[in-house]
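User: I am new to reading protein models. Can we go through this one step by step, with short answers?

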Amino acid sequence: MSYLKKVVMASAFFALVGFSASAQNSNSFGLRGGLNYSANGDYFESASSNAKNPDRNIGYHIGVFGKIGNEFFLKPELVYTTTKSDYSDAEFSVQKIDAPILFGVQVLGPLNVFAGPSFQYILDTEFDGIEINNVEEDFTVGLNFGVGLSFDNIGIDLRYERGFNENEATFIDTNLGSASVSRIDTRPDQLILSLSIAL
């Protein structure tokens, strides 16, 4: 990882910690978890150059959040996420740390809408038992937006996440005795359903 990426990632992390600590003192801080209905981009076989769209699969996430403000709010989060995508003959999985920084507004009663960037650090990728080490970028940025409902200390939200830029992982396919290089776009494309509990 380049020096600039390390600086950006560290800045995002410390900003998140600071926001969370402030939220704990003035508004709310708590736990968040739920399910991801996801696909990790397209699978490109270099021999055919054809994209194979993955079938979506269920993953999960768990982490912490802070919330600053009421009618207009800032909501930083730090979340561990695992996603899976099924292809025609294999499964591709990703484990990553997400740090969304969301800006939202209460629109009617308990209903709110929000959007913001999500800073992502890929911890590990695996394609049907084959570890993939050469992901193009470990650190990426995506976009979250969605709707939520808040009831006292309990909240539920549904959001969509999409990566801003293609982020390819390559691997060597040695099936049938012939080695060929294939590529997968690891950019997330997912629906995320979350339950949050303020402490």
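Analyst: L143 is a good starting point, and it sits in strand β9. Keep in mind that this is a predicted model.

User: Is L143 buried, partly exposed or exposed?

Analyst: The relative accessible area of L143 is 30%. Buried means under 20%, and exposed means over 50%. L143 falls in between, so the class is partly exposed.

User: Which residues is L143 in contact with, leaving aside neighbours within four places in sequence?

Analyst: L143 belongs to strand β9. Contact here means heavy atoms within 4.5 Å. With neighbours within four places left aside, the partners of L143 are G116, Y160, E161, R162 and F164.

User: What distance separates the C-alpha atoms of L143 and R159?

Analyst: Along the chain, L143 and R159 are 16 residues apart. In space, their C-alpha atoms are separated by 9.9 Å.

User: What is the pattern of helices and strands along the protein chain?

Analyst: The protein chain has one helix and 13 strands. Read along the sequence, the pattern is α-β-β-β-β-β-β-β-β-β-β-β-β-β.

User: Among contacts between residues at least 6 apart in sequence, what percentage join residues at least 24 apart?

Analyst: Take the contacts in the protein chain between residues at least 6 apart in sequence. Then pick out those that join residues at least 24 apart. Their share is 63%.

User: Where is Y121, and what separates its C-alpha atom from that of K96?

Analyst: Y121 lies in strand β7. Y121 is partly exposed, because its relative accessibility is 22% and buried means under 20%. Y121 and K96 are 25 residues apart along the chain. Their C-alpha atoms are separated by 5.5 Å.

User: Q120 is in strand β7 too. Is Q120 buried or exposed?

Analyst: The relative accessibility of Q120 is 2%. The cut-off for buried is under 20%. Q120 therefore counts as buried.

User: Which side chain makes a polar contact with the side chain of Q120?

Analyst: Not counting residues up to four places away, Q120 touches K96, I97, D98, D138, F139, T140, G142, E161 and P188. One of these also makes a side-chain polar contact with Q120, at 3.3 Å. That partner is E161.

User: What does the side chain of N36 make a polar contact with?

Analyst: N36 is in strand β1, residues 28-39. N36 is buried, with a relative accessible area of 2%. Its contacts beyond four places in sequence include N57, Y60, T81 and I192. The polar contact, at 2.9 Å, is with the side chain of Q190.

User: Which residues form the largest nonpolar core?

Analyst: β6 and β7 each give two or more residues to the largest nonpolar core. This core has six residues. They are Y87, A90, F92, V94, I122 and F127.

User: How many cavities of 30 Å³ or more are there, and which strand gives the most to the lining of the second largest?

Analyst: The structure holds two cavities of 30 Å³ or more. The second largest cavity has about 50 Å³ of space. Its lining divides into three nonpolar, three polar and five charged residues. The strand that gives the most, with three residues, is β5.

User: Which element gives the largest share of the lining of the largest pocket?

Analyst: The largest pocket has about 260 Å³ of space. Its lining has 19 residues, and K67, K75, S150, G155 and S196 lie nearest the centre. By class, the lining has seven nonpolar, seven polar and five charged residues. The largest share, five residues, comes from β10.

User: What is the phi of D152?

Analyst: D152 is in the loop between β9 and β10. D152 is exposed, with a relative accessible area of 83%. Most residues other than glycine have a negative phi. D152 has a positive phi, near 55°.

Notes:
Residues numbered from 1 in each chain as written. Predicted model: local features only at pLDDT ≥ 70, side-chain atom pairs only at ≥ 80, totals over all residues. Heavy atoms only, no water. 1 Å grid on protein atoms, 1.4 Å probe; cavity = no way out; pocket = protein on both sides within 12 Å on 5 of 7 lines; lining within 4 Å. Points joined across faces, edges and corners; volume = space filled by probe spheres on them. Helix = DSSP H or I, 4+ residues; strand = E, 2+ residues; numbered from the N terminus. Nonpolar A, V, L, I, M, F, W, Y, C, P; charged D, E, K, R; others polar. Buried < 20%, exposed > 50% of the residue type's maximum accessible area, 1.4 Å probe, protein only. Polar contact = N/O pair within 3.5 Å; in protein donor to acceptor, adjacent residues only side chain to side chain. Core = buried A, V, L, I, M, F, W, Y, C linked by side-chain atoms within 4.5 Å.
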